[in-house]
Each structure stands twice: as C-alpha cells, then as structure tokens.
Amino acid sequence: MKKLLAICLLLLLTLFSQAQTSVNNIPTLISGTITGTVIDETLQQPLPYVTIILKSESGETINGTITDDNGKFVLQKVPGGKYIVTIQFIGYKSIDKPIEINRDNKDINLGTLPLQEEATGLDEVTIIAEVSTIEQKVDRKVVNIGKDLTTAGATASDIMNNIPSVSVDQQTGNISLRGNENVRVMIDGTLSNVPIAQLLRQIPSTSIKQIELITNPSAKYNPEGMSGLINIILYKNTNIGFNGNINLGLTKEINARFNGSIDMNYRNGKFNLYGNYGNNVGTNASYGNIYRTDNLSNQIFDTDRTGSSHLFKVGLDYYLNEANTISFFTNQNVFDGKTDSTTDVEYENRPTESQLFNNTIDNISSQYNLAYKHNFKKEGEKLDVEVDYSDFNQEENANFDFVNIAFPPNYEDYVDTNRAQAIVNVDYVNPLSDEAKLEAGLEARLYDTEVNYDSSGLSTNPNQDDIIDNGDEFIPTPSTFYDYKRDIYSAYITYGKSLEKWSYQFGVRAETVTVDAVATNFLENASEVNPFENDYFQLYPSAFLTYTPSEKNTYQVSYSRRVDRPGVGQVNPIREWSTPLLSNVGNPELEPQFTNSIEANYIRNFEKGSVTAGVFYRLIEDEINRAVFVDRLDYNKYILTFENFDNTSAYGIELSSNYRPTKWWSFNASFDMYSRQQKGFTERVIAPPGQEPTEDDIITEEVTADNIIWNFRVFNNFKLVKNLDLSLFALYRGEEEGIQFTRKPMYFVNTGIRYSFLEDNRATVSFNYNDIFNTMAFEFDGENPVPSIGGFYWESNTWNINLSYRFGGNKYRALQRKNRDDNEKSGSGGFI
C-alpha cells in the first residue's frame, strides 16, 4: 500500500513538471541530482515516507518524492536553476533548504536533515495531565481533565458538579449550565441522540480528555441550547509509535462501583490507528422523602440502580500528504441496567400505600464519523467535509406492583426506542488576507425517533365523558406507536478581521426546519391517529468584538441568537408513572423557544495565573417550562408536562481564576451569580377537608419564580514533595426558587492525595475522600401544586482509589519493527 501511494504521489508530481523546458532561464541541458537523509532529531532514527517537495523561488511546485525505509531520498534530472527544497512530515516542523544547480554544482547532497517534532501539530493532548486545568478562551472555557480529585467518580455525571457553571440534578440526572437545563451535550463535537441524563451516567470519567463550555457559540455552530453547548472530548492518542494509558478505579460508600479505561495508538508513517475502551460497573443507592402538609402524607423513596456500561472508540487517521487527510472513528456504548425502587406513602389514619417498581434496560448507542480535510496551497485555506451517523436502540421492561392502591392495578410496560441521526457538514475557510478571514458552510441534520409502547395496564375509556370509580369505564391500555421526524437544513457565513489591537467577527446562520410527528393509539376495535406538523425558518446572527490593548488584558463582547427545540421526552405523549402520586406526559404541540444572548468578558493575565470576569444577559421567547395538572383519575394525584409561556429574561456574572501563589500551591476558583425568572402554571384542589373533591374544586394558578442564585467552587492542589500532591475541593450552591419548589443551599468538601512513581512518572496512584462532612443533598420545600418539604440523598460520602499507568515511549518504531521481522525469519525454530 505504501509503495503504491508513493508511486501515485510521484505520478502527480511528474504531471506538475511535465513540458518544463527550463527554469529560471537556465538551459535544460544542465541537470543535476539532489539527495539527503531525513531523521528524527530526538531519536536520531531515520523517518520513512517523508514528503520532499522541490519548489521554484516563486513557490511553484516543480517536482517531489518521498523518503524510503532508511529515510533517504533522491531527486534526479533536476534542471539547472535556483530552488527551495521543502521537507514535510505530519507532526513535525517543516524545513526549507535553498539550493542552486549550475555547471559547477550539479550533484547536491543535503546530508542528514533532522526533523523536530511539532508539539501542537495534531491539536491533540495525548498524555493525561497530572492536575486538571481551566483555560479561558475567547469563545469557550476548556477544562483539561487530569488525574486529581476533580475527576473522582465513575462517570461523567459524577464529575460535572466540579466543573465551573455546571450542575447536575442528582434526582433526575439532568444537567444545567448557568442555572438552565436547556443545554446541549456533544460527544467529540457531535450532538448526541442519547438522553443527556442517561448519556452522562454511561460515559466513564477516565475516558474523558477535555470538557468544553461554549456559552455563546458563533453562527458556525449548531444554534441549539439556550445556555450553550457542552462538548465532551474523549481520548485520542496520536504519538509516534506505540503508546497508551491504562486507568483502574474503585468507588465505595454503600455499594462498590468499578471503572477503568485503556487507550492505545500505533502511528507509523501516514497512518495513526487508535482505540479507547472504558467501563463502569456497579450499583448506586439513593433515597429520600416528600412530606405533604395538606394531607399529612409522607412519601418515602428507596432506589437501587445497577448498571454496566462499556464505551469503545476506534479510529484511523490516514495522511495522504500535507494537503489531504482522511479520518474515521466510531464510538460504541453498550449499557445494561436495572432499577429496584420502593415508594411508600404513609398516612396518619389509613394503611400505608406502596409502589414496587423494577425495570431492566438494555441499550446500545453507535456513532460513525468519516471526515476529509483538504488544505489548499494558500496558507490557511481549507475545506472540511464530515459525515456522521448515529443510532440509539433501547429496550425497557418495567414492572409496577401496588399495595393498598385501587388504581392503577399491577401492570407491566414494554418500551422499545429507536433513534437515528444523520449529519453532513461542509465547512470552508478562506483567509482573504493576513488580517481577514471568511468562513462558510452547509449542514443537513436528519433526525428520526420511533417509540413502541405496550402495557398490560388499564386506561380510561376515551368515549366516556365522566369517570365513575367503579371499574366499568376503564379499558386495556392501548398500544402506542410514536414517530417523530425532524429535518434541518442550514447554511452559515462568518467574516472576521483583525485591526492591530481590535478584532471582530460577524456571522449569520439560516435554518429551515420541518417537524412531522404522529402518535397512533391502537384501541380494541380501532386506532386513533394524532398527527403534528411544524415548519419554520429562522435566522441566527452572531457577533464578536475583541480588544487586546496588551498581552495582559483582553476585552470581549459577543451576541448570538439560539433555539431550544423540544426534545422527544418533552413531546412524547406516552404517559409514564414516576411515583404513586405523580406521573409524566409530554406535550406533542410544544413549540421551540428562542434566546437572544449577550456576553461581555475580561481576561487578565498575570505572571502566575489569570483572572476572567464576565457578565451575560438572555432574553427568552416562548419559554418552555413545567406545567402541573390534577390527575382526573384521582384528584389526589398530579401530572407533570410542558407548556410554552411568555417571554422571560435572565442575567448574571461569572468570575474564575487560575493562580499559582507559590511553587507548591496552585488553585482554580470560580464564582457565578445569576438572576432568573421562570413562569408556569399549576392546578390544585381546594376541596374542604374530609370532602371528596370534584371538578369544581380544581383551580388554575399562574406561578412566577424570581430569584438570585449563586455558586462558589475552589480547587486547591498542594505539592507536598516532588511526586506527592494533596488536593482539596469545596463547593457551595445557594438557594434556588423554582416553579414547584425552592431548593435549599448545599455545600460539600472533597479531599485527595496523589503519588506518581516509576520512570518519567509513568504510574500514578490516588486516593480521594468525597463529601467528607456528608452534607451533599437535594433538600427542598414547596407550595406548588401542594405544600411539601423533603429531600433526596445518594452515595456522595464515598472513597475512591485510582491507578493509572502510561506505557510506550513516543518513539518511532518503523525501523526496529522491520529489523525484528528479519531476525524472526532467520532465527525462529518453530514446531516443524
């Protein structure tokens, strides 16, 4: 294959030089030869397949070749003249050698040419950092994940609370950015079609290299997510030769949870083959209660979630030449899980009611990504084409058993979910000058979800207007098929320019969206079809202005318009029971909400660190929020769903700092405070005590929640001795008022110690103790739809031990492999 590629390259270069009779006005009867040997400067070993390009003084390509297995090259029959010989190899700094062939100097030997490895040539960090760091860039905040207690925990969900501006609802698993759950999560730059809460619980923490927080993306990016994008980047090794990392971890409080990962790569010449495997296995216990002061009932929850998640990533980069690269990778996530949950409802004057719930979930999510990158002759001009396909298939079997509860009867649910997403991107970048750049692109996103639902339970008769509690008005729950299709076609263009200390960028993205959804209920003797369609066109402008008066100071202002399209869980009309007194159902007619966001940031660099300060303001149109209805099957029960509400707004400030006061102490600290207004409505029953409620006793109230929320995080790392580090992390989260309840303040403290050993600190062992004061809890009190107080608790007071080992030496092994093969041919004995 390599020889074939070399021949193809030579043919292409020959076409460039054919019909050439003279160069630089030197007669063609003078010709010469150029030779040389290319080696790795550090290893002092030959580099095969290095590209050698012969150019005229004006930069025109004349001829070329590649080095052989011994790093040698020959350019023959070179016409007399002045030239530049360029030596290029992926991952190394290029070399330019001026030469001249004339009557007195026909044969030129450039001798040994050492190439120095380019540290940033592949834009990849391949060695796991010892300490997590936070970089504030113009358009994003980048958290480089290290081996410290910031990443203590088995899954991505466990470590998200340690990331600035990010929080995770431990009850639901939902993630929020700047206090808002309308955030989109990407994996390796592509939006995932796995539900976010489930996705975070399935990704092993040791498989994560970086987490990017993009709060105000430009028009080039997908406009989804009111509060922005979170991009989780998985490990991809690109070092020369054979390299890898292995990580093993154990977390324990009530239950033991195991996690581990291994990532490897082999890079030789024009190929880089890499792979990553990560897993987490174990059980997580959670418990809590909700006490209702209206009827003096107390709901007590006890849940065990057991899961086994396996994440595979395999990829290949093929560097055709300096101008063309083809890459392919696939992510495969296999998950098997089960839940066992008991909910008891205790009353003062009647028997305890219980719901016994257990389910099994099996799913696999797959991503296939093919990308082609072409660099034009003009420096900085490039074309990227990317095709991405992902699918998600899940089967869930759920059992509901009830004690002392009249309705619903015991039943089983079967839910089969299939999601498919296809994305095609074409991006073009053209530097119009040293100061100006134009970017343009096209994108198509095709999304399809199918949900098949079967149940052995009972539902109300759709032909019966009045519900009489005698069992005659219920029919077997209809099977439901829900098909949701959404096609998005978009185009964007951005223009940016730098003017000494100023720079700006303007852009706009145009999108046309088609939604076609239908829910079909299969009744006993007929079927009921409920279609929904929505077509709309939107423009999403963006603007950035940056002023850099010095290397120490940067000011930036940005604006973007974004959209939150309802997720399948928000529009799915299939009703789900979550507790004996509460169920969930989607709203198929939910409309998207739009956000106009403005940010201003200031970055100050010091000799020992940096400080970033920022303010933001968001105006939300047609806000999507919770609505609470009284369940007409039982007036003591409620239904949660979603509705569109009037325009609202939010604003806030953020402060973050990386600083190293001394050689033995460094810290990252962040503070954010924001004001948010939420609108919603709720139904409630106002029947007198002891009287059976009727429809006339139900009232509807509009609810508005205005509150100021603040959070503080600080991570300290202390170097006790050369290879021994102590870490201390603390978080305080202020009170938050919502539509349904007010969450009380929460704080926790984590600590850990880490020791590095063996040659080049290849091995690291760490011990972390999390939530050392056992204060991490979700406690609340509320008035909507009923007055209640309660809390949810989980395994947060845990200890965690991790071992990591880096193998391989960033060495080029091509020559050694060839010699080894020769030795095996001459010296092996075998069995015959």
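Which residue in strand 30 does Ala543 stand opposite? The residue opposite Ala543 in strand 30 is Tyr559, and I will come back to that pair once the conventions are clear.

What we have here is a predicted model, in which local features need pLDDT of at least 70 and side-chain atom pairs count only at pLDDT 80 or more, while totals for chains, interfaces and linings use all residues. Residues are numbered from 1 along each chain as its sequence is written, and side-chain values use heavy atoms, with hydrogens and water left out.

Let me begin with the whole chain. The secondary structure comes to five helices and 47 strands, where helices (H or I, at least four residues) and strands (E, at least two) are DSSP runs numbered from the N terminus. Of the 832 residues, 51% count as buried, and buried means under 20% relative accessible area, with exposed over 50% and partly exposed in between (1.4 Å probe, protein chains only). Among the contacts with a separation of 6 or more, 66% are between residues 24 or more positions apart, a contact being heavy atoms within 4.5 Å.

Now back to strand 30, residues 553-564. Nine of its twelve residues are buried, so strand 30 is largely enclosed by the rest of the structure. Strand 29, residues 527-550, pairs with strand 30 in the antiparallel sense over seven bridges, and two strands count as paired if DSSP finds at least two bridges between them. The link from strand 29 to strand 30 is a hairpin through two residues, and Ala543 opposite Tyr559 belongs to this pairing. Strand 30 is also joined to strand 33, residues 593-606, by twelve bridges, again antiparallel, and there Val563 stands opposite Phe594.

Turning to the N-terminal part of the numbering, there is an open sheet of four strands in the order 3-2-5-6, with antiparallel pairing. Strand 3 (61-66) and strand 6 (95-101) stand at the edges with a single partner strand each, so one side of each is left without a neighbour in the sheet. From one strand to the next the twist averages 25°, based on axes that are lines fitted to C-alpha atoms, for helices over the stretch in contact, with angles from 0 to 180 degrees between N-to-C directions. Within this sheet, strand 2 (residues 51-56) and strand 5 (residues 81-88) share six bridges, and Lys55 has Ile84 as its bridge partner in strand 5.

A three-strand open sheet has the order 4-1-7 and mixed pairing. Its edge strands are strand 4 (72-79) and strand 7 (107-115), each pairing on one side only, and neighbouring strands are turned by 20° against each other on average, direction ignored. Strand 1 (residues 31-40) runs antiparallel to strand 4 over six bridges, with Ser31 partnered by Pro79.

Next, the packing. The largest nonpolar core (buried Ala, Val, Leu, Ile, Met, Phe, Trp, Tyr and Cys residues joined through side-chain atoms within 4.5 Å) has 23 residues, and those with the most contacts inside it include Met160, Ile175 and Ile230. The elements giving two or more residues to this core include helix 2 (156-160), helix 3 (196-202) and strand 15 (229-234). Apart from it lies another core, of 22 residues, among them Tyr83, Val85, Ile101 and Ile108.

Finally, Ser796 sits in the loop between strand 46 (788-794) and strand 47 (799-808), and at 5% relative accessibility Ser796 counts as buried. Leaving out residues up to four places away in sequence, Ser796 touches Glu253, Asn770, Asp771, Asn774 and Met776.
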